[in-house]
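Student: Please take me slowly through one part of this model, and then show me how its surroundings connect to it. I am new to this, so explain each term when it comes up.

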Amino acid sequence: MRPLSYSSISTYNQCPLLYKLKYIDGKKEKEKFYLSWGKSLHGALEFLYGVKVPPPPTLDEVLNHYEENWLSAGYESAEQEDKYRSYGRELLQEFYQTNISHFRLPLAVERRFTLDFGEVKFTGFFDRIDKLEDGTLAILDYKSNREIFNKDYLANALQLTFYQLAAESLWDLPVSQMTLYHLRSNTPFSTKPRPPAELERARAMIINVADSIKAGKFAAKENRYCPCDFPEDCPYYRHGYADDKVQLSLESEFKGVDIKKVIEDYVRLKAEAKENKIKTKLLAEVIQRFGEVEKLNRVYGNEHAITLSKNRRIDYDGEAVRKILEPLGLWSQAQTFDRKALELMMKDSVLDPDVQEELEALKIETIRMVLFVRKNKLP
Ligand code: SF4
């Protein structure tokens with residue numbers, strides 16, 4: 001099977017069907033400007049840290065590299081592209097001014113890695129790995145997205161967990177720091193390395209996702225990013241996006257059925273049923289009250305009559321019953337019995353009379369009025 005990566009595993013967890021469409025069927029997603037923009041920024045930072053020997057490139061050289069390697073795909077207009085191009089320049093300038101004074105050659109820049117789990121391979125790219133003075137590793141990943149990372153996010157960021165696994169196995173050195181560098185705010189957000197149990201869970205996740213893929217588990221899973229770029233292939237969205245011609249072929253077993261009308265009728269009737277339920281309850285209360293005030297057991301309309309019947313129901317305070325029966329070793333029996341069985345136990349006098357009395361005192365009696373409809377047979 002093809003190697004997995006952080007992004008393919010995230011896609012699988014987000015929606016297994018989307019994984020299949022992208023990574024197995026090879027469907028191409030629409031180009032997105034924010035991905036192009038992120039890659040343009042990454043390219044410039046790779047240029048800055050990718051020098052073989054110091055000194056690092058000047059700010060002008062970094063910005064020239066950014067301009068010359070600018071990726072235009074996915075922008076919706078020339079204005080939007082210009083706006084992001086100059087915004088990117090600003091961010092690079094800020095980054096450069098903040099970081100150039102402590103520039104050091106990194107251990108790796110845009111370095112590809114592959115982890116081998118037997119049949120399953122896991123691959124990815126480190127944006128940057130620094131070797132610290134104490135001989136440990138620091139992982140750094142540049143992020144061009146808007147959201148700021150909170151503590152909780154950092155502590156659970158799966159990408160960092162995977163990268164720690166990869167870095168420690170590649171260099172056989174411990175990772176002591178992991179950072180997501182938020183370019184828009186020029187802020188490094190750092191977190192501690194994961195403990196061994198968490199690395200183990202990440203490893204198990206890679207194997208589990210691989211197993212599910214091998215087993216052909218590609219159910220659609222609706223999520224907050226839906227619809228994706230392939231609604232026509234999705235059982236949640238296919239019908240909604242289909243034109244009339246496709247609908248006919250989809251609904252071939254239902255020729256003559258206007259499914260759109262069926263849907264709207266169903267929703268309308270459901271709403272009416274709900275409203276009718278409320279109205280029926282109000283009418284029942286009026287009839288019941290009328291019977292009570294006028295001391296009637298049956299109330300007559302023109303064609304129908306309603307008989308009012310009292311339904312007596314006994315219940316018990318379960319917690320109080322437990323307190324009595326548990327010390328007698330009878331609670332497990334009562335617990336598996338229903339109310340009727342408990343009453344039977346009491347009726348058959350299997351209990352001590354004092355206990356019996358105590359249980360009797362716990363009875364909660366409710367009287368409910370039941371309304372029976374009949375034809376008005378009176379002349
Ligand atoms: S639209 Fe369908 S296929 Fe696409 S992500 Fe959502 S559920 Fe998955």
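Tutor: Helix α7 (residues 158-171) and helix α8 (residues 196-214) pack at an angle of about 100°, with their axes 10 Å apart. Helices here are DSSP runs of H or I with at least four residues, strands are runs of E with at least two, and both are numbered from the N terminus. The axes are lines fitted to C-alpha atoms, for helices over the stretch in contact, and the angle between N-to-C directions can run from 0 to 180 degrees. The two helices are therefore roughly perpendicular to each other, since that label covers 65 to 115 degrees, while under 35 counts as roughly parallel, over 145 as roughly antiparallel and the rest as oblique.

This is a predicted model, in which local features need pLDDT of at least 70 and side-chain atom pairs count only at pLDDT 80 or more, whereas totals for chains, interfaces and linings use all residues. Residues are numbered from 1 along each chain as its sequence is written.

On the α7 side the meeting residues are Leu158, Thr161, Phe162, Gln164 and Leu165, and on the α8 side they are Glu198, Leu199, Ala202 and Arg203; contact requires C-beta atoms, placed from the backbone, to lie within 7 Å. By class, this contact has 5 nonpolar, 2 polar and 2 charged residues, where Ala, Val, Leu, Ile, Met, Phe, Trp, Tyr, Cys and Pro count as nonpolar, Asp, Glu, Lys and Arg as charged, and the others, Gly among them, as polar. The spacing within such lists has a simple background: an α-helix has 3.6 residues a turn, so residues three or four places apart point the same way.

Gln164 also leads to isoleucine 139, which lies in strand β3. Leaving aside neighbours within four places in sequence, isoleucine 139 is in contact with Phe126, Ile129, Leu160, Tyr163, Gln164, Ala167, Val175, Met178 and Thr179. Isoleucine 139 counts as buried because 26 C-beta neighbours lie inside 10 Å; the cut-off for buried is 20 or more other C-beta atoms within 10 Å, exposed means 12 or fewer, and partly exposed is in between, with C-beta atoms placed from the backbone.

Strand β3 (137-143) is also one of the elements against which the buried residues of α3 pack, the others being α4 (59-68), α5 (78-99), β1 (108-117) and β2 (120-131). Those buried residues of α3 are Trp37, Ser40, Leu41, Ala44, Leu45, Phe47, Leu48 and Tyr49.

Beyond α7, aspartate 172 is found in the loop between α7 and β4 (175-182). Its phi is near 55°, a positive value in a residue other than glycine. Aspartate 172 is exposed because it has 7 other C-beta atoms within 10 Å. After β4, asparagine 186 lies in the loop between β4 and β5 (187-191), and this residue too has a positive phi of about 55° although it is not a glycine. Asparagine 186 counts as partly exposed because it has 15 C-beta neighbours inside 10 Å. As background, most residues other than glycine have a negative phi, and most peptide bonds are trans.

On the other side of α8, proline 227 has its place in the loop between α8 and α9 (238-241). The peptide bond from cysteine 226 to proline 227 is cis, with omega near -5°. A second cis peptide bond runs from proline 54 to proline 55, with omega near 10°, and proline 55 lies in the loop between α3 and α4.

Terms used: Two residues are in contact if their C-beta atoms, placed from the backbone, lie within 7 Å.
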